[in-house]
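Welcome, and please load the model in your viewer. We will go from one selection to the next and see what each one holds.

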Amino acid sequence: MEEIAKLIANYGVSIIIVTLFIWDWFTNKKDMKETIEVIKDTSINISKSLDLLQKSMDRHDEKLDKLLESERK
């Protein structure tokens, strides 16, 4: 029993620091996974928006080309 008390007295602070570090690492790992999922969803939404914007720009270009051609005639 005395040996355990000596170990705690000598290494107690170190054990607490290591335990807190490991607990914090697991907690942050979970939060990072959630954050990455949100970023992934956001990236997909941005990609879809950019595709729609590109299609819209293409349509406007086609309309402008038709208008310019009709003015030339």
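Which residues make a nonpolar surface patch of about 550 Å²? Select V18, F21, I22, W25 and F26, and you have that patch on screen. Keep in mind as you look that this is a predicted model.

Stay with I22 for a moment. This residue lies in helix 1, and its relative accessibility is 41%. Buried means under 20% and exposed over 50%, so I22 counts as partly exposed.

**Zoom out to the whole chain**

Now show the full backbone as a cartoon. The secondary structure comes to one helix and zero strands, and helix 1 covers residues 2-72. Turn the view along the principal axes: the C-alpha trace spans about 105 × 15 × 5 Å. The radius of gyration is 31 Å, whereas a compact globule of 73 residues would have one near 11 Å.

For a distance check, pick the C-alpha atoms of E2 and H60. These two residues are 58 apart along the chain, and the atoms are separated by 84 Å. E2 is itself in helix 1, and with 63% relative accessibility E2 counts as exposed.

**Switch on the surface**

Next, draw the accessible surface. The total is about 7,400 Å², and carbon and sulfur atoms account for 64% of that area. How much of the protein is buried? Buried residues make up 1% of the 73 residues.

**Colour by charge**

With charges coloured, you should find 12 positive and 14 negative side chains. The centres of the two sets lie 6 Å apart.

Which residues gather in a patch of positive charge on the surface? Select K55, R59, K63 and K66 to see it. Centre on K55, which lies in helix 1. Its relative accessible area is 47%, so K55 is partly exposed.

Then add D58, D61, E62, D65 and E69 to the selection: together they form a negative surface patch. One of them, D61, makes a good stop. D61 also belongs to helix 1, and a relative accessible area of 41% makes this residue partly exposed.

**A last view**

To finish, keep three selections on the surface in separate colours: the nonpolar patch around I22, the positive patch with K55 and the negative patch with D61. Show the cartoon beneath them, and you have helix 1 running through residues 2-72 in a protein with zero strands.

Methods. Residues numbered from 1 in each chain as written. Predicted model: local features only at pLDDT ≥ 70, side-chain atom pairs only at ≥ 80, totals over all residues. Heavy atoms only, no water. Patch = residues over 30% accessible without salt bridge, like charges linked within 9 Å, V, L, I, M, F, W, Y side chains within 5 Å. Areas by Shrake-Rupley, 256 points an atom, 1.4 Å probe, with all protein chains shown as cover. Salt bridge = Lys/Arg side-chain N within 4 Å of Asp/Glu carboxyl O. Lys, Arg positive; Asp, Glu negative; His and termini not counted. Charge placed at Lys NZ, Arg CZ, Asp CG, Glu CD. Helix = DSSP H or I, 4+ residues; strand = E, 2+ residues; numbered from the N terminus. Buried < 20%, exposed > 50% of the residue type's maximum accessible area, 1.4 Å probe, protein only. Rg over C-alpha atoms; globule rule 2.2 N^0.38 Å.
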